[in-house]
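Student: I would like to go through this structure with you, step by step. Could we begin once it is on the screen?

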Amino acid sequence: MSTIETVLNETRVFPPSTEFAKHANLPNIAAYKTLCAQAEDDYLGFWGKQADENILWHKPFTHVLDEGTPPFFKWFDDGELNVSYNCLDKHLSTQPDKTAIIFEADDGSVTRSSYRDLHQRVCQFANGLKSLNIKKGDCVVIYMPMRIEAVVAMQACARIGAIHSVVFGGFSAKSLHERIHDAGAVAVITADEQVRGGKNNPLKITVDNAIKMGGTESVRSIIVYQRSGNDVPFNPTRDIWWHELVNGKASDCEPEWVDAEHPLFTLYTSGSTGKPKGVQHSSAGYLLGTIVSMKWVFDYQSDDVFWCTADVGWITGHSYVTYGPLAMGATQVIFEGIPTYPDAGRFWKIIQNHKVTTFYTAPTAIRSLIKLGHDLPSKYDLSSLRLLGSVGEPINPEAWMWYYQKVGQSRCPIVDTWWQTETGSHMIAPAPGAVPLKPGSCTFPLPGIFAAIVDEAGQDVENGKGGFLVIKRPFPSLARTLWGDSERFKKTYFPEDVGQGKYYLAGDSANCDADGYFWIMGRIDDVLNVSGHRLGTMEIESALVANPLVAEAAVVGKPHEVNGESIVAFVVLKDELPVGDAATTMVDELRRWVAKEIGPIAKPEEIRFGENLPKTRSGKIMRRLLRTLANNEEITQDISTLENPAILEQLKLPTR
Ligand code: WTA
């Protein structure tokens, strides 16, 4: 723990402007502190009130929290609701014609969908799902492009009580297969192809390849949305076109009322083993987390045009595309393409054209846009913006300042939001009208979130000392378990040694400064954060050793200017050490292999070959040493336990 030190000496402070604070939901620090004090004084009363005020209940709950067998907490347990009803029907009487989604396709064409229209589409598709005999509690995998239809598919599942599991469209057939199999999905919703940056990528073929891998007999139907219209393989006994499925279906569909704890979705994320975990969320608690954070952190106002750039394949796209904004009745932008097509001004052009007020993206996107067009934002009219957000990884103060000055024109607060797939919604983030900002800090925990920094024994550390980030009390939006593996849930997130199994262990290290601001320092497990995406080193290692030419592999991360972290793989081949052209060819081959096994996001940036890996006498790979090598730093650590010191020379140089 002593190695975790304060890494930042940021001293700039940006208090909220009077103009912003004047209209904010939490207009000053006192308003924020009052909510925190209410939660402190009467924890259950606080969350009960929030759930009562923010959710439309079909049957009201009578108890707030059932501790049951910790950590398997239940919230608002005897209440009944439907999440899709809370996102759509709720607005039908008050604002049916308000635009819910402004959709901009890859080629720039724009379609709008009102709340009435979206409700109708969701109902028709839900009726379509029902006609395929998909029922409450069934699991449906969604592997879709970033379009209105992806949101419709998710909302329709929620409407009928089916549990969706969205798989990011960039994942390979193998990763998709693993997720379909683990979930025991009864159906897969996909498209013929995905169109991004002017290129078509196959989706249906990938689904077929995943199904062919076997063990997916649970899948009865594959629903295919026609995006590109290009020919794709089609099996008429199992596959059905989206447009044929909804054709003639009623435009109303009575929601399936479910218990508060009914699983809304699972979403797979990487952990420290080779097998991704299916993080399982509840209905009411999850929805509540997205709603309160929309109010407190995004300071939601009814005339906002909200734009979260995340794909629905990640938790950010669940909470701040499909659920949070719709539950608020917001107008939001959904964008199919990529930030750099047709040029690096695309994001700024979208903000200008659709008069976006709230823009939420990842530091990796910001850094790449700085690189590609430092001054580009000034060529667009970004005066509609009033709030900026950041998520997925620590934002370095330089990127923060550029975002603040060039994009926000020194007018818009930046909400740096710390949270995770497991937490469902923001945990540590500023209330922008109340909290003075420090570039690089996610500031303070939200009301009702008891975040703290502790040592290995679960004891609070003093400010300025780094430690493990924990959340000391259960909160509504926390994942309920891991799909089919509650033991792993308990062991990973509520370990006995830190806080005697009572604290949620986030897996990050962090630091509090003298003013109580939180600074996130990075993961404490073998999880990398590449372009804001979580990847387990073990997953990449398993993919590498699955190649018949590979004997052994170890993967570490190294800092990367744009992507935050990049992947460096150390590989031992079964045959002799490749040199020269043979090595280059092998590097290409293995990078392609990993892209095929997991997806292009997991491709190692660098591969180094050795006759062995640095190991202790007991055979443990010394990852610390590998990290030093990957960073091209001098080895200063104690290598006396190293079995084979000669190997270090070999691994020193990048193969290319
Ligand atoms: C990291 C994404 C610093 C962190 C919502 C966490 C962050 C992991 C921030 C979760 C932030 C996320 N500052 N680090 N504002 N937000 N992280 O599950 O390491 O994809 O544990 O959820 O991203 O990634 P996940």
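Student: Which residue forms a salt bridge with Arg523?

Tutor: The partner of Arg523 is Asp525, with the closest N and O atoms 2.6 Å apart. A salt bridge here is a side-chain nitrogen of Lys or Arg within 4 Å of a carboxyl oxygen of Asp or Glu. Please note that this is a predicted model, in which local features need pLDDT of at least 70 and side-chain atom pairs count only at pLDDT 80 or more, while totals for chains, interfaces and linings use all residues. Residues are numbered from 1 along each chain as its sequence is written, and side-chain values use heavy atoms, with hydrogens and water left out.

Student: Are Arg523 and Asp525 buried or exposed?

Tutor: Neither word fits. Arg523 has 23% relative accessibility, so it counts as partly exposed. Asp525, at 24%, also counts as partly exposed. Buried means under 20% relative accessible area, exposed over 50%, and partly exposed in between (1.4 Å probe, protein chains only).

Student: Which residues do salt bridges with shared partners join into one network?

Tutor: That network consists of Asp117, Arg121, Arg147, Glu149, Arg227 and Glu336.

Student: And how many salt bridges does the structure hold?

Tutor: There are 33. One of them pairs Glu597 with Lys174, whose closest N and O atoms are 2.8 Å apart. This pair links distant parts of the chain, since Glu597 is in helix α17 (residues 580-597) and Lys174 is in helix α7 (residues 173-183), 423 residues apart. Helices (H or I, at least four residues) and strands (E, at least two) are DSSP runs, numbered from the N terminus. Glu597 counts as buried because its relative accessibility is 9%, whereas Lys174 counts as partly exposed at 37%.

Student: What about Arg238, which residue does it pair with?

Tutor: Arg238 forms a salt bridge with Asp239, and their closest N and O atoms are 2.7 Å apart. Both Arg238 and Asp239 are buried.

Student: Let us turn to the ligand. How many residues surround the ligand?

Tutor: The ligand is surrounded by 17 residues, the closest being Asp416, Thr421, Asp508, Arg523 and Arg534. A residue is near a molecule or strand if one of its heavy atoms lies within 4 Å of it. By class, this shell has six nonpolar, six polar and five charged residues. Ala, Val, Leu, Ile, Met, Phe, Trp, Tyr, Cys and Pro count as nonpolar, Asp, Glu, Lys and Arg as charged, and the others, Gly among them, as polar.

Student: Which atoms of the ligand lie 2.7 Å from the protein?

Tutor: A nitrogen atom of the ligand is 2.7 Å from an N or O atom in the side chain of Asp416. A backbone N or O atom of Thr417 is likewise 2.7 Å from a nitrogen atom of the ligand. In addition, an oxygen atom of the ligand is 2.6 Å from an N or O atom in the side chain of Asp508. The protein covers 95% of the 530 Å² of accessible area that the ligand has on its own. The elements giving two or more residues to the shell are α11, β20 (414-417) and β25 (518-523).

Student: New topic: why is helix α4 described as largely enclosed?

Tutor: Seven of the ten residues of α4 (residues 83-92) are buried, so the rest of the structure largely encloses this helix. Those buried residues are Val83, Ser84, Asn86, Cys87, Leu88, Asp89 and His91.

Student: Which elements do the buried residues of α4 pack against?

Tutor: They pack against α3 (43-54), β3 (80-81), α5 (115-131), α6 (148-160), α10 (284-296) and α11 (315-328). Contact means heavy atoms within 4.5 Å.

Student: And what reaches the backbone nitrogen of Ser84?

Tutor: At the start of α4, a side-chain oxygen of Asn82 comes to within 2.9 Å of that nitrogen.

Student: Finally, where are the cis peptide bonds that involve Pro71 and Pro342?

Tutor: The bond from Pro70 to Pro71 is cis, with omega near 5 degrees, and Pro71 is in the loop between β1 (65-66) and β2 (74-75). Another cis bond joins Tyr341 and Pro342, with omega about 0 degrees. Pro342 is in the loop between β17 (331-335) and α12 (346-354).

Definitions and conventions:
Polar contact = N/O pair within 3.5 Å; in protein donor to acceptor, adjacent residues only side chain to side chain. Areas by Shrake-Rupley, 256 points an atom, 1.4 Å probe, with all protein chains shown as cover.
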